[in-house]
Amino acid sequence: MSADLWTALFIGILSAFVGYEVISRVPVLLHTPLMSGSNFIHGIVLVGGIVVLGLATTPLEEAIGLVAVIMGAMNVTGGYVVTERILAMFDRSKKKAGPP
Amino acid sequence: MIAWQTPLVDGVYVVAILVFILGLRSMSSPATARRGIMLAGVAMFIAVAVSVLLPGESNFALIALGVFVGGLAGWYWARVVQMTAMPQMVAIFNGMGGGAAGAIAAVELLVSLGNPVTAGLSLAGAVIGSVSIAGSIIAFLKLQGWLRSKPIVFPGQQPVNLAVLVIGVAFGGYAAYSVQAFWLLPFFLLMILFGFLFALPIGGADMPVVISLFNAFTGIAVALDGFALVNGPLGDAGYALVVAGTLVGAAGSLLTLLMAKAMNRSVGNVLFGAFGATEETGTTVQGSMRSIDASDAAVEMAYANEVIIVPGYGMAVAQAQQKVKELADLLEAKGVTVKYAIHPVAGRMPGHMNVLLAEAGISYDKLFDRDEINSEFPSADVALVIGANDVVNPAAHRPGSPLFGMPILDVDQAHNVIVIKRGQGKGFAGIENDLFYKDNTRMLYGDAQAAVGQIVAALKKS
């Protein structure tokens, strides 16, 4: 294993704890946006798709890389829009709070 | 020598990761959540945009095409879909991430099959990514109603599933061992088949667990791809995938455990138990169900001091949330205190009821989760149960019941209980609901939207 991989492993372990800590504060009320927001964040997979497609040389690699980019782009935009739509409904800054 | 682009791209990734973490953190309060996700969106956009600057890349036209097609499709689909279809939307976009992770792993395998470390990491990413996309597709079909939402079971299911998994992984291992890419084909086919088979026996009511589990799966698959990329020529992007993927993997795992705990079942039982496939037999509940009509229900609530509304999946199916809001407004105008009791696994995804009620414009100050409101039922005059069943079943307190131990909303403690229900059928778990037979319970039969509408009409007349 390369030194880079060990570094990545350290970073990964720390990220797991950060994820756990950050999420354990989220109230039940926001479980859906939390899920769809984290869904959006793993849309970073699009970056991976771009890198492999960018480096692809054979037609087969290019075809599969293109699939990765399309799916990753769907993940990231869909995840974002869904989260934003849900959070917009919880946003009270636009409408006055309190009973009518 | 490092090209000038590399430090720039790396710097952007570092900032993006920081913003992602802060974005998730902002989800701890509804007041900050929206701004957090918008910032994360900007960070993501820039991170994706600079990724084409990494040295050595080509195929820019294909990249642009893919981003355009996928981005437009995802954006359009997420925009036009009804709020009631949110669970399946979350499932399918998550599945897309899993599919992308699987495809990236496939390319990594084609390129570096001879490198045992990259190949091993990519195989692991491919397994989890494929299961995530295939399972998410089944979840989507079930939630959309295109596939039976009850568990789909057949004899010898678990051994068959295990065999498919083991044989599939063996093909992948052999491909790496022999450095023959051909064997990756049966590997991927069997992994996708396994994902389908894995999700089939999981029933609709267990979807909150499953959706968050597949979310965690995709996160882990992305992280594994990241490790494989770190081991390759453009490792910089890999770190971003490792951090973001692991973050989501941990978050999703935690949410999965929370959901399973809210049902007092292990994650294993949810995944492999085919819960709800069989109906409980042999227990008979004492008493009979008594029905009530909408106008009597309206009177009962109009003269109450406090009404607690307990929504369930039935409200979502009937899209009754607007009518519920109308009812609550009328009651509040009469001086009745209205609160909402939300069970963590009510509906088909974590937080499902909160989203629907928010959509109807109901203030989140009035939504209470189980721990907050359970002590209030004894002082409530009326508990109005709208399309909820298993989460209010007092059988959960009865040893021997399949639901025993599940933390429920103690609706039966209220002075009067009105249950809006489509028919006399059992809940998803296939278990008789003792609540419906209690002396203080009245049943109002009908579609949730129609039934609440009738109560609203009756209230307006009075």
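The legends below accompany close-up views of a predicted model of a complex that includes chain A and chain B.

**Figure 1. Confidence of the predicted complex.** The predictor assigns the complex an ipTM of 0.92 together with a pTM of 0.90. For chain B, the pLDDT averages 90, and 96% of the residues score at least 70.

**Figure 2. The interface between chain A and chain B.** In this view, 83 residues of chain A are in contact with 105 residues of chain B, and the area buried between the two chains is about 8,200 Å², with carbon and sulfur atoms giving 78% of that area. The rule for polar contacts finds 19 residue pairs across this interface, both residues being at pLDDT 80 or more. On the side of chain A that touches chain B, the elements giving two or more residues are helix H1 (3-23), helix H2 (31-41), helix H3 (45-55) and helix H4 (59-90) of chain A. The largest share of that side, 30 residues, comes from H4(A), and the residues of the side as a whole divide into 49 nonpolar, 24 polar and ten charged.

**Figure 3. Salt bridges between the chains, centred on Arg34(B).** The count between chain A and chain B is two salt bridges, whereas the structure holds 14 over all chains. In one of them, the side chains of Glu84(A) and Arg34(B) meet with an N to O distance of 2.7 Å; this pair crosses between chains, from helix H4 of chain A to helix H2 (residues 30-50) of chain B. A salt bridge is also formed by the side chains of Asp91(A) and Arg34(B), at 2.9 Å from N to O, and because Asp91(A) lies in the segment after H4 of chain A while Arg34(B) lies in helix H2 of chain B, this pair joins two chains. Glu84(A) has a relative accessible area of 10% and is therefore buried, and Arg34(B), at 15% relative accessibility, likewise counts as buried. Asp91(A) is buried as well.

**Figure 4. A salt bridge within helix H13 of chain B.** Asp329(B) forms a salt bridge with Lys325(B), in which the closest N and O atoms are 3.4 Å apart. The two residues are four residues apart in helix H13 (residues 321-333), so about one helical turn separates Asp329(B) from Lys325(B). With a relative accessible area of 27%, Asp329(B) is partly exposed.

**Figure 5. Surroundings of Asn161(B) in helix H6 of chain B.** Asn161(B) has its place in helix H6 (residues 157-178), and because its relative accessibility is 4%, under the 20% limit, Asn161(B) counts as buried. When residues up to four places away in sequence are not counted, Asn161(B) touches Phe154(B), Phe194(B), Leu197(B) and Phe198(B).

**Figure 6. Gly235(B) in helix H9 of chain B.** Gly235(B) is found in helix H9, which spans residues 235-262, and at 9% relative accessibility Gly235(B) counts as buried. Leaving aside the neighbours within four places in sequence, Gly235(B) is in contact with Leu229(B) and Val230(B).

**Figure 7. Helix H14 of chain B and the residue Gly361(B).** Helix H14 (residues 352-359) is mostly covered, seven of its eight residues being buried. The buried residues of H14(B) are His352(B), Met353(B), Asn354(B), Val355(B), Leu356(B), Leu357(B) and Ala358(B). Just after H14(B), the residue Gly361(B) takes a positive phi of about 90°.

Conventions: Residues are numbered from 1 along each chain as its sequence is written. Chains are lettered from A and ligands numbered from 1 in the order in which they are written. Side-chain values use heavy atoms; hydrogens and water are left out. pLDDT is the predictor's confidence in each residue, from 0 to 100. Buried means under 20% relative accessible area, exposed over 50%, partly exposed in between (1.4 Å probe, protein chains only). Contact means heavy atoms within 4.5 Å. Buried area is the accessible area (1.4 Å probe) that two parts lose on being put together, summed over both. A salt bridge is a side-chain nitrogen of Lys or Arg within 4 Å of a carboxyl oxygen of Asp or Glu. A polar contact is a pair of N or O atoms within 3.5 Å; within protein, one must be able to donate a hydrogen and the other to accept it, and residues adjacent in sequence count only if both atoms are side-chain atoms. Ala, Val, Leu, Ile, Met, Phe, Trp, Tyr, Cys and Pro count as nonpolar, Asp, Glu, Lys and Arg as charged, and the others, Gly among them, as polar.
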